[in-house]
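Please prepare a short briefing on the structure shown below, covering its overall fold, its surface and charges, and some of its side-chain contacts.

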Amino acid sequence: MALLRELVAGMRDFLANAGAMSRFFARVLVISPSGFLRPRLIVDQVYNAGALSLAIIMTSGLFVGMVMGLQGHDLLARIGSEESLGIGAALTLLKELGPVVTALLFAGRAGTALASEIGLMRATDQLSAMEIMAVDPMRRVVLPRFLGGVISMPLLVAIFVAISIYGVQLIGVQYFGIDQGQFWSEMRSSVEIEDVREGLIKGFVFGVACSLIAVYEGYNADPTAEGVGRATTRTVVISAVSTLVLDYIVTAILL
Amino acid sequence: MNQASPAAGPGSGADTRNIAALHGVHYAVDDKVVFDGLDIEIRRGEVTAIMGPSGTGKTTLLRLITGQIRADAGSVIVDGLDVAKLPMRDLYALRRRMGMLFQNGALFTDIDVFENVAFPLREHARLPERLVRTLVLTKLHAVGLRGAAHLLPQQLSGGMARRVALARSIVMDPDILIYDEPFAGLDPISMGVVMRLIRSLNDALGISSIVVTHDVQEISHIADVSYILSEGRVMASGSPTELRDHPSPLVHQFIEGLADGPVPFHYPAPDYREQLLAQHEGA
């Protein structure tokens, strides 16, 4: 009985939180057009969320690609199709691994930075100060950061995938000696524009989800050190789970 | 206490005496009653101090005046406008005529002192950069920090941060300036500087000031009228001299800073002796 009560309470909390986030998202969507009237604020946030994530995205991309090269070559060598390494790696990276890993890295780097920054602004009365100055923090703080994240994600996905494919090529061609021409030409002939589009759509969807979760958690953080820490943790956990759930949903729709 | 005139539009002259008036205000958070029929009037052109023991809702009062929260009952009239009934657009228009100094300064940590002071100007007025520069430097000069314009908030002392925040709150030439614990955590020199600034800005700019503070001695030098809040109501009001002579034990305890009195030193607890003996018996 106690377990059932806890389950019901947990479900109620979850629904309440989901409802609050939906209202928050609706408000962000409503004011979104006004965000583009001040592009400078968005550019600053594309730099913060996107450019500052480049190092971790590129490093991770290179190593993910190299691991794919090793594992892919080992697998394909068993069936004598090593030359298909380029196609397999490109499709896996474009359609799945690229968007998902980029979103997880984005949540860990940019998402936590967004949540803690906004949470600290709440804790130190900076958001209240804006309200008193007749400046809407939703428009001035939340919206540019949300839009910056949404714009950054597909770009980061594209960079991650490009670097990863380079990593696969390093292992496949340079290390294992697969023919360079065959590696690239088979990739070019098999990868369709729809595959690229799928990756970018996923990047966009994950960008919306991860950015929304980060700004929501930061904006609604308890104004204490503990509250900001909790908001940061929740940002990573909820973003990661949401990314994987959304990945299934988007894949099912696009296939 | 003065009676407030009926609410009217700003500048209509219907209530020329008070810049703000709270009447019969009730406010509760969950089950805790913060205000239970609060009546306060803030006179135009004066420095009004709001004092009281911790947890009496002084900061909540400021949030009611600025429209950040709304009273459960009663009216909050600011410059002739009922704050609770204002749509967001009008509330923001009213706030443009307010300035507020937060306890910790609430400076934006990602921009320097100059940009912090320029922030309201850049948000609300499309002014030429030269004019923005002139206005910002003028306000920084008024608080004695023109030379610190290039510093980041992290590089400022507590007193300097408070003065920068003060410059930011007057850059739009407000009608009302609100201070939330402006002396908290300041050394005596900084405290004296902030104290003099509150009075001189009030008189030089012809504004009305509301100061929430615990510092009885300091505020008594600059306040025209003081209110002492307790248990959700105004316990006493008047000039510093009137408050010093007030018959209420609570006012006496507060003004003299006595550790025990109507506000007890000990948090409610079981009998000390019984509790100690019970521990020994339990052991």
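**Briefing on the predicted model**

B:Phe108 is buried, with a relative accessible area of 3%, and B:Phe119, its partner in an aromatic pair, is likewise buried at 5%. The model discussed here is predicted, and side-chain atom pairs in it count only at pLDDT 80 or more. The points below take up the aromatic pairs, then one residue of chain B, and then each chain as a whole.

**Aromatic pairs**

- Over all chains, a search of the whole structure finds 6 aromatic pairs.
- The ring centres of A:Phe25 and A:Phe146 lie 6.3 Å apart with their planes at 65°, and because an angle over 60 degrees counts as edge-to-face, this pair is classed as edge-to-face.
- This pair links distant parts of the chain, since A:Phe25 sits in helix H1 (residues 2–35) of chain A and A:Phe146 in helix H6 (residues 137–175) of chain A, 121 residues apart.
- The two partners differ in burial, as A:Phe25 is partly exposed with a relative accessible area of 25%, whereas A:Phe146 counts as buried at 4% relative accessibility.
- The pair formed by B:Phe108 and B:Phe119 is tilted, with 4.6 Å from centre to centre and 55° between the planes.
- B:Phe108 belongs to the loop between strand S6 (98–101) and helix H3 (113–124) of chain B, while B:Phe119 lies in helix H3 of chain B, so the pair ties together parts that are 11 residues apart in sequence.
- One aromatic cluster is formed by A:Phe24, A:Tyr216 and A:Tyr219.

**Surroundings of B:Thr48**

- B:Thr48 is located in strand S3 (residues 47–51) of chain B, where B:Thr48 is buried with a relative accessible area of 1%.
- When residues up to four places away in sequence are not counted, B:Thr48 touches B:Ile42, B:Arg43, B:Ser209, B:Ile210, B:Val211, B:Val225 and B:Tyr227.

**Chain B as a whole**

- Chain B has 10 helices and 10 strands, and its radius of gyration of 21 Å is close to the 19 Å that the globule rule gives for 283 residues, so chain B is as compact as a globular protein of that length.
- Taken along the principal axes, the C-alpha atoms of chain B fill a box of roughly 75 × 45 × 35 Å.
- Of the 283 residues of chain B, 49% count as buried, and among contacts between residues at least 6 apart in sequence, 63% join residues at least 24 apart.
- The exposed area of chain B is about 13800 Å², of which carbon and sulfur atoms supply 53%.
- Chain B carries 26 positive and 33 negative charges, and the mean positions of these two sets are 10 Å apart.

**Chain A as a whole**

- Chain A contains 9 helices and 0 strands, and reading along the sequence gives the pattern α-α-α-α-α-α-α-α-α.
- The C-alpha trace of chain A spans about 65 × 55 × 30 Å along its principal axes.
- Of the 255 residues of chain A, 46% count as buried, and among contacts between residues at least 6 apart in sequence, 84% join residues at least 24 apart.
- Chain A exposes about 12300 Å², with carbon and sulfur atoms supplying 68% of this area.
- For chain A, the mean positions of the 18 positive and 21 negative charges are 11 Å apart.

Terms used: Residues are numbered from 1 along each chain as its sequence is written. Chains are lettered from A and ligands numbered from 1 in the order in which they are written. This is a predicted model: local features need pLDDT of at least 70, side-chain atom pairs count only at pLDDT 80 or more; totals for chains, interfaces and linings use all residues. Side-chain values use heavy atoms; hydrogens and water are left out. Helices (H or I, at least four residues) and strands (E, at least two) are DSSP runs, numbered from the N terminus. The radius of gyration is taken over C-alpha atoms; the globule rule is 2.2 Å times the number of residues to the power 0.38. Buried means under 20% relative accessible area, exposed over 50%, partly exposed in between (1.4 Å probe, protein chains only). Contact means heavy atoms within 4.5 Å. Accessible areas come from the Shrake-Rupley method with a 1.4 Å probe; for residues, only the protein chains shown count as cover. Lys and Arg count as positive and Asp and Glu as negative; His and the chain ends are not counted. The place of a charge is taken as NZ of Lys, CZ of Arg, CG of Asp or CD of Glu. Rings of Phe, Tyr and Trp (its six-membered ring) pair if their centres lie within 6.5 Å; planes under 30 degrees apart count as stacked, over 60 as edge-to-face and the rest as tilted.
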